[in-house]
Amino acid sequence: MRQAPLAARMRPRTLDEYAGQRHLLAPGLLLRRAIEADRIQSLILYGPPGTGKTSLAQIIAAQTKAHFERLSGVESNVADMRRVLSGAQNRLLNTGLRTLLFIDEIHRFNKGQQDVLLPDVESGAVRLIGATTHNPFFFVNSPLVSRSQIFELRPLTEADICLLLRTALKEPERGLGYLKISADDEAVEHLSRISDGDARKALNSLEIAVLTTPPAADGVIRIDLNVAEQSIQKKAVVYDGDGDAHYDTISAFIKSMRGSDPDASLYWLAKMIHAGEDPRFIARRIVICAAEDVGLADPMALVLATSALEAAEFVGWPEARIPLAEATVYIATANKSNSAYLAIDAALEDVRNGRTLAVPEHLRDGSYAGAKRMGHGQGYEYAHAHEGHFVAQDYLGAQKRYYEPTDQGTENKIRERVLRRRAELEKARPKPAP
């Protein structure tokens, strides 16, 4: 048994040994009651690596009176699936015993493979437990999702992982308790913190630390902070290039800039940099935020953001972090206005759903032969020929208002001009006939 990795040996055997996920498994909650009563229906366990998805499935397997089968989204094919499903149907028909089918990394099955499961899940011949690190609403077929309960597992807390590590150090059969080990509190706490909620990573790092540290003269293996730091090395943040961590992190980044919190913005930027995110992806989102959320309250934000985009493409990592950070801080601390964003969306909505407006005669192109004969361009007044380079005339042919300037930053001066000129335009607007 000791040939298996420590994380595999220390898998919990019962709900009482299971660490974390109290929001799902605290006494009295739905999932725990269903497991204890052997009333599990089809479900999908979704969460980051090392949060106990497979361990929970194994606990359910030990608890249930149903026949248990296991497939892998990485290794299994349609033939494997049909064999298991055919066996489940025969078992139910001949003995009345239902089958509990656990599929690890179910998101790796393509649509066709997932569709194979539908008839038997629908009929109840199998109860499905799927485990995935990807959001099932994006990566699992909608019919399967609609027939399953979705439970999201969260990263373990540092306290949860500390308890697991201490248990592993004491456990003589499955853990490391057969050795004489002295582990400093700060070493255990470091492993718990840097593992980022991943119990597997923490336990395997502890095992590396113990097995590579020679005993002292008294035969005791001493694990101090220095040994712990060497055993876990660089922290690998939970971040996938096409899944929840990718989209959730960029969402938090944009919302922090919009919310004028430079410190939070820099943290989410640092997480993406550390995870190796494409600098162009980050820079494009900064440009969008500059236009959408800062807008005319500080037009320089868009200038700086587009410059940061060009600079990031030009220099690449690691230097790209500097112009990206500069643009991030500028946008986070700038005055905010989404007036231009709201204005164009309102105008687009009007174009899509309202009556299409004809271009007024005096605004039409009068530069080609025959235009004057049709009256195109007649009566148009050239704005630069008037005082203040402004002349009040009808530019739309209808009374519409889309842009509502705010009083934030630079836009406050724009607001003053807009209100003044709108008053003059209103005076010049043709009055409807009585």
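Student: At what angle do helix α11 (residues 199-211) and helix α12 (residues 225-232) pack, and which orientation class does that make α11 relative to α12?
Tutor: In this predicted model, local features need pLDDT of at least 70 and side-chain atom pairs count only at pLDDT 80 or more, whereas totals for chains, interfaces and linings use all residues. Residues are numbered from 1 along each chain as its sequence is written, and side-chain values use heavy atoms, with hydrogens and water left out. The axes of α11 and α12, lines fitted to C-alpha atoms over the stretch in contact, with angles running from 0 to 180 degrees between N-to-C directions, lie 9 Å apart and make an angle of about 120 degrees. Angles under 35 degrees count as roughly parallel, over 145 as roughly antiparallel and 65 to 115 as roughly perpendicular, so α11 is, relative to α12, oblique.

Student: Which residues of α12 does α11 meet?
Tutor: Contact here means heavy atoms within 4.5 Å. From α11, the residues K201, S205, I208 and A209 take part, and they meet, in α12, V227, S231 and I232.

Student: Among contacts in the chain between residues at least 6 apart in sequence, what share joins residues at least 24 apart?
Tutor: The chain has 434 residues, of which 43% are buried, meaning under 20% relative accessible area with a 1.4 Å probe and protein chains only. Of its contacts between residues at least 6 apart in sequence, the share that joins residues at least 24 apart is 72%.

Student: What does the C-alpha trace of the chain span along its principal axes?
Tutor: The chain holds 19 helices and seven strands, which are DSSP runs of H or I (at least four residues) and E (at least two), numbered from the N terminus. Along its principal axes, the C-alpha trace spans about 100 × 65 × 40 Å.

Key:
Buried means under 20% relative accessible area, exposed over 50%, partly exposed in between (1.4 Å probe, protein chains only).
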